[in-house]
Amino acid sequence: MAKAPSHIAEPAPKETKVTFVSDSGISAGSAFVPDSPTVANQITRVEPIPAYQLKAHPERWTVMRGELVPLLGKIKHIRGLNGADGEPGKPARIATAEAGAREAGWTPIPFTAVPTSAGVSSYLWRPEGRPDVHLHFTERVYPGSARVEADEPRYVEWCRWLVTSGTISPPAPYVLRTMEAEYDRRYNDALNRSADFPSYKDVADRALKDLEAIRAELAKVESAPSKPDTAFVGAP
């Protein structure tokens, strides 16, 4: 069974060295064991992935596996990027970067925004032996390989939970209407191209399925009872 993903804030384990002290008065030292190829092959070979915090924008949505999901962005924990700062060798401070994201209309998603059924305490995890690699809990890596594999059904399920749990708001009707117009354009463009290029038939079919998902969501939203406007009371 794979080891449970670690929390993003969990410090990397420190290497323990056994020290031998001689009674003859010579200097103490530590045992030397060369790196074993067998051990090295048990660690993922993916490129470093800095820590990041996900963020959602009310106007950024897409369709994945027939469902509307938020098109999330990242607040990267990299010093010098978007206001992130801090001391070398220590985690970057991202208060300024997070504030900038909020001012731009984004909602930072807390690291703990995961359902209890996920069995993790953060949506980020680090593979054993690679504290420089940060992955979403729906992503997997393999020993000795540079491959990163995404579990799309589980990711879509998590995105659905973000909405039902109230972590982020569902798309507004005007956002859905904008998406409907865009995906309708994509569908018709691919359909027209398929007359000369048969390979575009598959593109048109996928665009039509996405368009149908958007229209279904729009119909559901528009049929829901409207909420009364919040009353505005001016200064006396």
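In this predicted model, Lys 55 lies over the face of Trp 106. The distance from the ring centre is 4.5 Å. A second contact of this kind involves Arg 186 and Tyr 183. Here the charged end of Arg 186 sits over the tyrosine ring, 4.4 Å from its centre.

Rings also pair with rings. The structure holds five aromatic pairs. One of them joins Phe 111 and Tyr 123. The two centres are 5.5 Å apart, and the planes meet at 35 degrees. This pair is tilted, because its angle falls neither under 30 degrees, as in stacked rings, nor over 60, as in edge-to-face rings. Phe 111 lies in the loop between β7 (107–108) and β8 (124–125), and Tyr 123 lies in that loop too, so the pair ties together parts that are 12 residues apart in sequence. Both Phe 111 and Tyr 123 are buried.

Tyr 123 also pairs with Trp 158. The centres of these rings lie 5.7 Å apart, with the planes at 55 degrees, so this pair is tilted. Trp 158 belongs to helix α3 (residues 152–164), whereas Tyr 123 is in the loop between β7 and β8. The pair therefore ties together parts that are 35 residues apart in sequence. Tyr 123 has a relative accessible area of 0%, so this residue is buried. Trp 158 counts as buried because its relative accessibility is 1%, and the cut-off for buried is under 20%.

These contacts belong to a wider group. Ring pairs link Phe 111, Tyr 123 and Trp 158 with Phe 137 and Tyr 155 into a cluster.

Note on methods. Residues are numbered from 1 along each chain as its sequence is written. This is a predicted model: local features need pLDDT of at least 70, side-chain atom pairs count only at pLDDT 80 or more; totals for chains, interfaces and linings use all residues. Side-chain values use heavy atoms; hydrogens and water are left out. Rings of Phe, Tyr and Trp (its six-membered ring) pair if their centres lie within 6.5 Å; planes under 30 degrees apart count as stacked, over 60 as edge-to-face and the rest as tilted. Helices (H or I, at least four residues) and strands (E, at least two) are DSSP runs, numbered from the N terminus. Buried means under 20% relative accessible area, exposed over 50%, partly exposed in between (1.4 Å probe, protein chains only). A charge sits over a ring if NZ of Lys or CZ of Arg is within 6 Å of the ring centre and within 35 degrees of the ring normal.
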